[in-house]
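Colleague: I would like a close look at a single part of this model, followed by an account of how the rest is arranged around it. Please keep to what can be read from the coordinates.

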Amino acid sequence: MTGFKSEFLHTLSERGFIHQTSDDAGLDDLFRTTSVTGYIGFDATAKSLHAGSLIQIMMLHWMEKTGHQPIALMGGGTSMIGDPSFKDEARRLLSVDDIEANLAGIRTVFARYLTLDGDGAPAKMINNADWLLGLNYVTFLRDVGRHFSVNRMLSFDSVKLRLDREQSLSFLEFNYMILQAYDFVELNKRTGCRLQMGGSDQWGNIVNGIELGRRMEGVELFALTSPLLTTASGAKMGKTASGAIWLNADVLSPYEFWQYWRNTEDADVGRFLKLYTTLPMDEVARLAALGGAEINDAKKVLATEVTALLHGRAAAEEAAETARQTFEAGTLAENLPSVSVARGELDTGVGILDAFRLAGLAASNSEARRHIKGGAVRVNDTVIDDDRRIVSLADLTGDGVVKLSLGRKKHVLLKAE
């Protein structure tokens with residue numbers, strides 16, 4: 001459906017968030033005529049979400065901004081199992097303490113995008129452990145499990161692909177889709193929630209919740225999914241060759257986060273401005289139309305706006321200034337990512353391969369060698385062509401650091417302590 005009349009769905013549609021809904025007209029009418037509560041679930045499998053989750057977080061952000069009530073459902077209960085969807089093997093089982101620590105880290109991110117605190121706050125963060133961990137197994141099987149057909153569950157791609165590859169799917173994981181469906185029904189009873197959103201790979205799980213709500217409670221629930229995003233070159237969103245683009249500042253610095261968006265491929269700039277910033281659409285169109293060298297100005301705006309939403313305007317502008325000093329002014333910016341090494345180690349000398357692994361610029365010695373062979377490795381802006389090069393106290397600049405560079409866009413300061 002095009003031409004949504006409700007502000008929320010119109011906004012999501014024009015910005016490229018909508019892949020599929022369970023009922024375009026019915027959902028549009030719901031948003032147009034009442035205040036809607038909707039949710040997205042996030043499992044706490046790490047202490048930080050990564051940039052691949054930002055599209056979902058932005059959907060909740062727009063839901064609040066257009067006058068509705070978003071819920072970020074934390075999977076304190078389901079994280080004890082792990083979503084098997086499209087995974088080749090079972091996730092590592094986490095302890096309760098691990099999950100609690102992860103939830104604490106994740107909350108800091110949502111507090112940037114949603115109003116969670118204060119009287120009458122429109123957004124909520126709810127933990128499904130509140131109801132899942134206290135379930136009576138036999139009662140749950142009788143009241144909820146009877147509504148699920150094993151034949152149908154086996155037909156879902158998330159399960160079928162795993163079985164077709166003859167990869168083990170535990171009974172524990174097989175229950176995940178039932179628990180996710182039950183979450184939807186429980187949230188409806190507790191909060192009046194009518195909508196579950198998620199990535200398009202969650203469609204089957206969400207539809208299960210809609211059907212369970214109809215069978216158990218006689219309520220009409222809705223689904224909305226977003227497209228699964230890749231970059232123009234086909235890379236998975238939120239991942240790079242060197243690892244995930246984490247959202248928590250204590251895992252990935254604001255500068256490194258800013259730099260990820262600055263390096264966006266030209267073909268993705270307009271799409272990412274729509275999805276990951278709150279800039280007006282006419283400004284998005286103006287920036288997306290820039291060509292030639294001017295596209296770099298649009299990338300800087302993209303990087304700064306996305307970073308400002310996550311880390312605050314001051315951190316975003318500091319990251320932009322660090323990049324300007326490093327790449328345009330040619331000076332050594334003290335806010336570049338850094339790692340520490342004992343002064344004694346530099347006294348005896350650290351091999352260039354070890355230094356680049358320590359700095360996170362290479363995952364292995366062989367990778368570092370390949371970079372050296374390709375002319376991409378620099379120490380204090382001098383190209384290194386010898387993989388036996390030693391980094392020592394003699395390389396310390398007047399600022400007491402050694403600048404390690406991979407290509408022209410990745411820099412880490414090695415600090416002697």
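Colleague: In which sense do strand β14 (residues 401-406) and β15 pair, and over how many bridges?

Modeller: The model is predicted. In it, β14 and β15 pair in the antiparallel sense, and six bridges hold the pairing. One of the bridge partners can be named: V402 is matched with L414 in β15. The two strands form a hairpin, with three residues between them. In the turn, G407 has a positive phi of about 65°. Strand β15 covers residues 410-416, and five of its seven residues are buried, so that the strand is mostly covered.

The hairpin belongs to an open sheet of five strands, in the order β9-β15-β14-β11-β12. Pairing in this sheet is mixed. Its edge strands are β9 (338-341) and β12 (382-383), each of which pairs on one side only. At the β9 end, four bridges join β9 to β15, and these two strands run parallel. S338 stands opposite L413 in β15. β15 therefore has a parallel pairing with β9 and an antiparallel one with β14, and strands of a sheet can pair in either sense through backbone hydrogen bonds. At the other end, strand β11 (residues 377-379) is joined to β12 by two bridges, and the two run antiparallel. Here R378 is the residue opposite V383 in β12.

A second sheet can be described in the same way. Six strands form an open sheet in the order β1-β6-β5-β2-β3-β4, again with mixed pairing. β1 (20-21) and β4 (124-127) are the edge strands, and each pairs on one side only. Strand β5 (residues 195-199) stands between β6 and β2 in the order. It is joined to strand β6 (residues 222-226) by five bridges, with the two strands running parallel. Within this pairing, G198 has T225 of β6 as its bridge partner, and G199 stands opposite S226 in β6. Towards β2, the pairing of β5 is also parallel and has two bridges. Y39 has Q196 of β5 as its bridge partner. As for burial, β5 is mostly covered, and five of its five residues are buried.

Helices lie against this six-stranded sheet. Helix α2 (residues 24-33) lies across β1, β5 and β6, and runs at about 100° to β6. Helix α4 (residues 96-113) can be followed in further detail. Its buried residues are I99, N102, L103, G105, I106, V109, F110 and Y113. What covers them includes the strands β2 (37-43), β3 (69-75) and β4, together with the helices α3 and α15. The length of α4 can be checked as well: at 1.5 Å a residue, its 18 residues should span 26 Å, and the end C-alpha atoms are 26 Å apart, which agrees.

The packing of helices comes next. Two packed helices are described by the angle between their axes and the distance between the axes. For α4 and helix α15 (residues 295-311), the axes come within 7 Å and cross at roughly 115°. On the α4 side the contact is made by V109, R112 and Y113, and on the α15 side by V306, L309, L310 and H311. By class, these residues divide into five nonpolar, one polar and one charged. V109 and Y113 also appear among the buried residues of α4.

A further helix pair is α1 (residues 7-15) with α3 (residues 54-65). Their axes come within 9 Å and cross at roughly 145°, and the crossing is right-handed. F8, T11, L12 and R15 of α1 meet M59, W62 and M63 of α3 in this contact. Its residues comprise five nonpolar, one polar and one charged. The α3 of this pair is also one of the elements that cover the buried residues of α4.

Finally, some totals for the chain. There are 19 helices and 15 strands. Of the 417 residues, 49% are buried. Among contacts with a separation of 6 or more, 72% are between residues 24 or more positions apart.

Terms used:
Residues are numbered from 1 along each chain as its sequence is written. This is a predicted model: local features need pLDDT of at least 70, side-chain atom pairs count only at pLDDT 80 or more; totals for chains, interfaces and linings use all residues. Side-chain values use heavy atoms; hydrogens and water are left out. Axes are lines fitted to C-alpha atoms, for helices over the stretch in contact, and angles run from 0 to 180 degrees between N-to-C directions. A crossing is left-handed if the near helix is turned anticlockwise from the far one by less than a right angle, and right-handed if clockwise. Contact means heavy atoms within 4.5 Å. Ala, Val, Leu, Ile, Met, Phe, Trp, Tyr, Cys and Pro count as nonpolar, Asp, Glu, Lys and Arg as charged, and the others, Gly among them, as polar. Two strands pair if DSSP finds at least two bridges between them. The expected span of a helix is 1.5 Å times one less than its number of residues. Buried means under 20% relative accessible area, exposed over 50%, partly exposed in between (1.4 Å probe, protein chains only).
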